[in-house]
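Colleague: Could you take a close look at one part of this model for me? I would like to hear about the charged side chains and what they pair with.

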Amino acid sequence: MAFTAKDVQNLREKTGVGMMDCKKALVEADGDFDKAMDILREKGLASAAKKASRVAAEGVVVTYNDKANKVGVLVEVNCETDFVAKNPEFVALAKAVAKTVAEKNPADVEALNAEIIADGTITVAEAVQELFLKIRENMSVRRFVRVAGVVETYIHAGGSVGVMVEFDADDAVAAKAEFETMGKDVAMQVAAMSPSYLDIASVPAEVVEKEKHILVAQMKEDPKMANKPENVLEKIVEGKIAKFYKEVCLTEQAFVKDGDINVAKYVANCGKELGGNIALKSFTRFARGEGIEKKSEDFAAEIASMVK
């Protein structure tokens with residue numbers, strides 16, 4: 001029995017399932033609309049569509065560091081509950097997704113979902129769907145960063161925070177165990193202190209000007225500052241901006257393991273000890289679920305919504 005694009009659209013509207021899955025179901029059902037609906041229900045796809053409205057704000061952040069090929073990856077994969085986030089199969093899926101990013105270098109999440117998953121025969125999207133059918137919880141690949149270069153990574157608290165730091169260092173230095181220790185120290189610094197910028201040069205001029213404006217306004221409200229000469233006020237602002245840099249710039253932050261030096265000095269010292277130059281190039285920090293608005297429903301309301 002033949003079917004048309006309109007049949008596919010009607011099936012999609014009826015079930016809430018994606019166009020490609022609806023088309024596959026109609027092909028399998030030889031164009032029989034009711035049978036196609038049953039196929040989608042049997043595969044759990046219609047159920048998945050209903051669950052898609054539930055917020056997936058839990059999950060894990062994982063890393064993949066292929067030092068031989070100088071490729072590092074940071075990925076966040078989300079699910080609905082902390083219980084599933086700790087599921088070994090879910091974590092394995094996230095790690096396979098990270099490896100896929102490293103190997104395939106997709107342009108974005110949409111392209112990643114269309115790639116064959118690492119060490120598998122199905123796409124990333126299909127792998128996610130398969131695990132949904134088993135676990136019955138909404139999940140998705142949210143974001144990733146891929147860096148071609150020398151990187152070190154750190155995962156905190158089972159995937160609640162993940163960090164990847166890129167360094168400029170020659171191969172001989174990067175191959176040493178002491179370099180890996182240094183890199184993980186810096187990544188842990190990023191995880192703990194959450195800097196906004198790499199260094200002073202990375203801070204946009206408008207951000208600095210806004211901070212100065214706020215500081216000046218604060219001093220005008222302070223009776224002790226109001227009568228001080230302009231040049232004195234300027235020096236006070238300069239001092240406060242220097243403190244601001246120490247808070248928001250990774251290189252300027254006091255090193256957590258030795259408060260007498262900053263991170264830039266720590267990295268430079270390690271370079272000297274290892275017989276080469278090491279410089280920080282970039283960093284990425286993912287905190288699980290950051291920026292995702294979670295729904296707050298009480299238990300009774302959730303049950304009521306399920307039986308509607």
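Modeller: Happy to, and let me start with a lysine. With a relative accessibility of 44%, Lys 24 counts as partly exposed. Bear in mind as we go that this is a predicted model. The side chain of Lys 24 meets that of Glu 126 in a salt bridge, with N to O at 3.6 Å. This pair links distant parts of the chain, since Lys 24 sits in helix H2 (residues 19-28) and Glu 126 in helix H8, 102 residues apart. Glu 126 is partly exposed too, at 33% relative accessibility. As a general point, side chains of opposite charge can pair when their charged atoms come close.

How many salt bridges does the model hold by this rule? The count comes to 14, and a few of them deserve a visit.

Take Glu 58, which forms a salt bridge with Arg 288, the closest N and O atoms being 3.8 Å apart. Glu 58 belongs to strand E1, while Arg 288 lies in the loop between strand E8 (279-287) and helix H15 (299-306), so the pair ties together parts that are 230 residues apart in sequence. As for accessibility, Glu 58 counts as buried because its value is 17%, and the cut-off for buried is under 20%. Arg 288, at 25%, counts as partly exposed.

Another pair is Glu 180 with Lys 67, whose closest N and O atoms are 3.5 Å apart in a salt bridge. Here Glu 180 comes from helix H10 (residues 177-193) and Lys 67 from the loop between E1 and E2, so parts 113 residues apart in sequence are tied together. Glu 180 has a relative accessible area of 33% and is partly exposed; Lys 67 is partly exposed as well, at 41%. Beyond such pairs, Glu 76, Arg 142, Arg 143 and Glu 290 are joined into one network by salt bridges that share partners.

The loop that holds Lys 67 has another residue to check. Lys 70 lies in the loop between strand E1 (58-66) and strand E2 (71-79), and has a positive phi of about 55° although it is not a glycine. Most residues other than glycine have a negative phi. Lys 70 counts as partly exposed, at 36% relative accessibility. Asp 119 also has a positive phi without being a glycine, at about 60°. Asp 119 is placed in the loop between helix H7 (109-114) and H8, and its 68% relative accessibility makes it exposed.

On the other side of H8 there is a loop leading to strand E3 (139-148), and Glu 137 is found there. Is this glutamate, Glu 137, buried or exposed? At 8% relative accessibility, Glu 137 counts as buried. What does the side chain of Glu 137 reach? One partner is the backbone nitrogen of Thr 81, at 2.6 Å. The backbone nitrogen of Glu 80 also lies 2.8 Å from a polar atom of the Glu 137 side chain. Leaving aside neighbours within four places in sequence, Glu 137 is in contact with Cys 79, Glu 80, Thr 81, Val 84 and Phe 132. For your own viewing, then, you might compare two glutamates: Glu 58, whose salt-bridge partner is Arg 288, and Glu 137, whose side chain has a polar atom 2.8 Å from the backbone nitrogen of Glu 80.

Key
Residues numbered from 1 in each chain as written. Predicted model: local features only at pLDDT ≥ 70, side-chain atom pairs only at ≥ 80, totals over all residues. Heavy atoms only, no water. Helix = DSSP H or I, 4+ residues; strand = E, 2+ residues; numbered from the N terminus. Buried < 20%, exposed > 50% of the residue type's maximum accessible area, 1.4 Å probe, protein only. Polar contact = N/O pair within 3.5 Å; in protein donor to acceptor, adjacent residues only side chain to side chain. Contact = heavy atoms within 4.5 Å. Salt bridge = Lys/Arg side-chain N within 4 Å of Asp/Glu carboxyl O.
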